[in-house]
Amino acid sequence: MSQREASEAAPGFGAPRRDSYSRLAVADGLLAFTVVTTLAAAAGATDDLADSFVLLSVSAVTASIAIATRRTFVRRERPPTAQVIAGLASTWVSLVAAGSVVYLASGTITTVDEALFESAAGFSTVAATTVDPESLGTSMSLFRAGTQFVGGLVGLLAGVVALPRTMKGNVQIPKGRGSRADRLVPDPVIGRQRVVRLYLALVTACGFGYLITGLGARSSLIHALTTVSTGGFSDRADSLASAPGGAKIVATVFMLIGGMSFFALFWLLRGNHRRFVQSPELRIYLGIIGLVTLSLLREVDGLSVRDALFTAASASSTTGLAVNDWTGFPSGALALLLVAVATGAMGASAGGGLRVIRAWLLCLIAAREIRRQLDPKAVTVVRHGGRTLRDEELDSLTGYQIAHFGLCGIGAFMLALTGDQLVDSLWTAISVVSTFGPAPTMGAFGDADELGRLGQLAMIPGMLAGRLTILPLLLAVAALQQGYRALFLGIRRVARPQR
Amino acid sequence: MSKARLLPVRNTAIRNTTELSFGQAKIESTTLHVMGIAVAAISFGMFVGAVVEWGSTNRDTPALLISGIIALGLGGMLWWVTVPGTVRARDVFSSVGWTWLVVTLVGAIPYLLGGTFDVPGIDRSGRFVNAIFESASGYSATGSTTLTNFEHPGRGMMMHRQITQWYGGMGMVVIAVAVLPFLGVGGLDLMSAEAPGPSGDRLTPRVSETAKRLWFTYVLFTVGVSVTLIAIPGPSVYDAIAHGLTTIATGGFSPHADSIGTFDSAAVELAIIVGMVLGGTNFALHWRAVTGDRLAYWRDPEFRTYLGLLVGASFLMVGLLWLDADLGLTEAIRAAVFNVVAIATSTGYGSAQGAGSSGDFALWVPAAQLVLLSLMVVGSSSGSTAGGLKVMRLQILLAHSIRSIRRSQQPQAVMPVKHGTSAVNEKIVSRMTGFFLLYLLLVLAGIVGLTSLGNGFLESISGTIGALGNTGPALGQAGPTGNFTEALNEPGRLVLALYMLIGRLEIFPILLMFAAPLRAVGDRLS
């Protein structure tokens, strides 16, 4: 009996369980949400009882929905790509909706649009906020950080477990190759477990790091949840600017780790140091951070090495934590920071952006075109990681990335419509789609009130695209296109019936 | 000559010498030979400028005459001492790239000799940089300017400046007509590298015939625009000819500081708009239409999209200006349509009557500026005199992107990328994506480079995109009423001058111009 048959035959509410990958993905997401919400409520029970009550109430509802869904539906062994993507998008939308309810019910935020933005920023690990973090109680602060923790985890599970398995042959989804022992995801169940354990271990280590360096227990926990997830929320209005020096170093280290591929981290944990060090993507990632650090030191007078490295790591890993108001830096430094943000972190990491591997492959494709021009008859290939990439893989990569650039352009236009200056619009759109957050308009500490209501709403789809790759949005557009085509054909048939 | 052509095909810029009948040794070099013809050809513009100057302001006559003699002498000498060799891809790029660079340098001589940039506040290096910038902007048909005082140069010097854009507009078709008969086999390679845009549309089996027909169309339209402007009240004959030269060329230089805004005439603007739209259309379509195929335009999917883009962007811009910029509807329509067409066709004329007027798009609402910036990137039709990525490339890239998305849903389906009703070869799709990525990398490098040199963010972004798309005016201080002398520092202006040439020659010739000489050196060393 196959796993599916067994599941379908399992006793539930008497009826056979229906197949729905996306609903079960939503249920998983809501369960994670419930855990975070309950823990936040418990931690803040002595501090603000009203907030804890709201959190517990919402978590009870989400838990009920999740459990009922799990009892009603069953997962296919290998669902089609479209279902996986639909599942990820549905999960994200459900989480954002649930998060907004918490903000509104607790009175932390009074308007729906701002609540949606805050929740979307949390689950997309974007460091832009509409609330004053210092005005929040312990439970709400923890909940807010928890949204980023969950967002980072969802992004990781999507990038490491779900998408590489379903989108075979698609080079833009990085895979862990090598022997079975060396593979992070030998099968989905083990893969999920390993990713969650590794993620939790990193968050715990980061929290201890902050605690040891004197950040305080509450602040340490909050920053640990938002550092490894490359989220960037803080419980301080000036992020980590006034934190002890040691905490800044800890943040730098864990932001760097958060932006690293979990495949590479797994190799390191397994003792395969050589493979870790020889990863070309890792080298480029660290190279970009080194380059940005050096240029920041050159461009900005009086900037310390520690702060320059912190800012570069925050930009490259798309975390968004800040130790200074870098929006006042010279334009050369800002341009390089923008490039680092747009390039983003490594593939299969908690970070966002274009991803180092994709940016590198796009450069290789451009270089191939130069070689082709020189010798049109020569066979020119793109190689990466010792493998020659197929044309279909490269086509797929470029096709998605063109859409990615287009999305940034549309986002910038929407912001410009709200009156944001041109450079600021471009910066903000790229920053949000890369899940970084701060931009010259919002300041280094991500004050999203500066965007205005329309600007905030316009950025929400960009956050979704940034967190879960652009695919969910694109498929929605494709579905719309097909819908319009069907509608058009239907109208034509009515207007001109066949003889 | 025939002996030279039969030599084995290995290299190159300077490879061999050929003994001629009267005992002189000639160097076999396609690059130098093409360069010689091109440099000699631009002397014509300088002599025309000298004649105009002599008959009018008579300030810069000696400068233009001497420059013409230098160009003719240098070009003639290069032409005389060289013979064209075999043509391979790298030789094509080398020929085109080096020729354009040398033409730009020689084209700067009149400005330097005439003291065009000898104005207070600009030192010697600044004058040199400005002269190079102005020359590059002219021969690349860009239209960015470093002139701060438009009254200072004589009318002949300004006419020379206009003529540089006329040369640049149709680009190397001028040279192709003159050079191809000498080059014989392999000329098609040269043509495809020099003709603007990705279109490989040939009107006749012989490339020299194709070039002549395009050239004829170009002259015809230039005369047409000039005559129309003469007929309209406002512009003088000098102004009409000067603007006729730079309209079909989609150049954008004007002898007046306020550009087309000087005339403050809707009729002039309308005539210029029609001229710019024609300049931004594939010239092969023009030839077909002129020779009787009236539906040639409508059948072309690129032209339909190009026109749709202009109309759509104009509507959008009218809406933005009318709602946000406190302009009346008529004023908004006039300002929006003119500037949309000027930017989309990469002409870059301005309709502003001084800073702060309705046509000063540097002060428009940010959304309108972003639309203009996008139009700078897109450009016009392939096979036109305009710059930018070109509409056909964009169509194919979009179709490619949509196919990638649809493939996620149906991985096994066979989905060709279509342009109009015909499927596009996968190789072409792949090459276009490669070109697009290279374009993006250049934009990125330009922005990072310019900002690192200490220039402003807005000027760096819009300046880079404008230069690479051969548009001309940018945003911020480099806007239609601004000036690149004030907007960017000297190294920044030099970077943009290089970018204009890269944009004009569709990236590869400038990037690969060192390939042939390097191979030649390598061959010699080995």
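Residues are termed buried when their relative accessible area is under 20% and exposed when it is over 50%, with partly exposed residues in between. In the predicted model described here, this distinction separates the two faces of strand β2 (residues 25–28) of chain B: B:Lys26 and B:Glu28 are buried and point to one face, whereas B:Ala25 and B:Ile27 point to the other and are not buried. In a regular strand the side chains alternate between the two faces of the sheet. Strand β2(B) runs parallel to strand β3 (residues 82–83) of chain B, to which it is joined by two bridges. Within this pairing, B:Glu28 has B:Val83 of β3(B) as its bridge partner.

A nonpolar surface patch in chain B comprises B:Leu74, B:Met77, B:Trp79, B:Trp80 and B:Val81, which together present about 440 Å² of accessible area. One of these residues, B:Trp80, lies in helix α3 (residues 61–81) of chain B. The relative accessible area of B:Trp80 is 38%, so this residue is classed as partly exposed.

A buried lysine was found in a loop of chain B. B:Lys390 is located between α17 (366–378) and α18 (391–409) of that chain, and B:Lys390 counts as buried because its relative accessible area is 1%. Its side chain reaches the backbone oxygen of B:Ala386 at 3.4 Å.

With respect to cysteines, zero disulfides are present over all chains of the structure. In chain A, A:Cys363 has a relative accessibility of 30% and is therefore partly exposed, while A:Cys408, at 12%, is buried.

Conventions
Residues numbered from 1 in each chain as written. Chains lettered and ligands numbered in written order. Predicted model: local features only at pLDDT ≥ 70, side-chain atom pairs only at ≥ 80, totals over all residues. Heavy atoms only, no water. Patch = residues over 30% accessible without salt bridge, like charges linked within 9 Å, V, L, I, M, F, W, Y side chains within 5 Å. Areas by Shrake-Rupley, 256 points an atom, 1.4 Å probe, with all protein chains shown as cover. Salt bridge = Lys/Arg side-chain N within 4 Å of Asp/Glu carboxyl O. Helix = DSSP H or I, 4+ residues; strand = E, 2+ residues; numbered from the N terminus. Buried < 20%, exposed > 50% of the residue type's maximum accessible area, 1.4 Å probe, protein only. Polar contact = N/O pair within 3.5 Å; in protein donor to acceptor, adjacent residues only side chain to side chain. Disulfide = S-S within 2.5 Å. Pairing = 2+ DSSP bridges.
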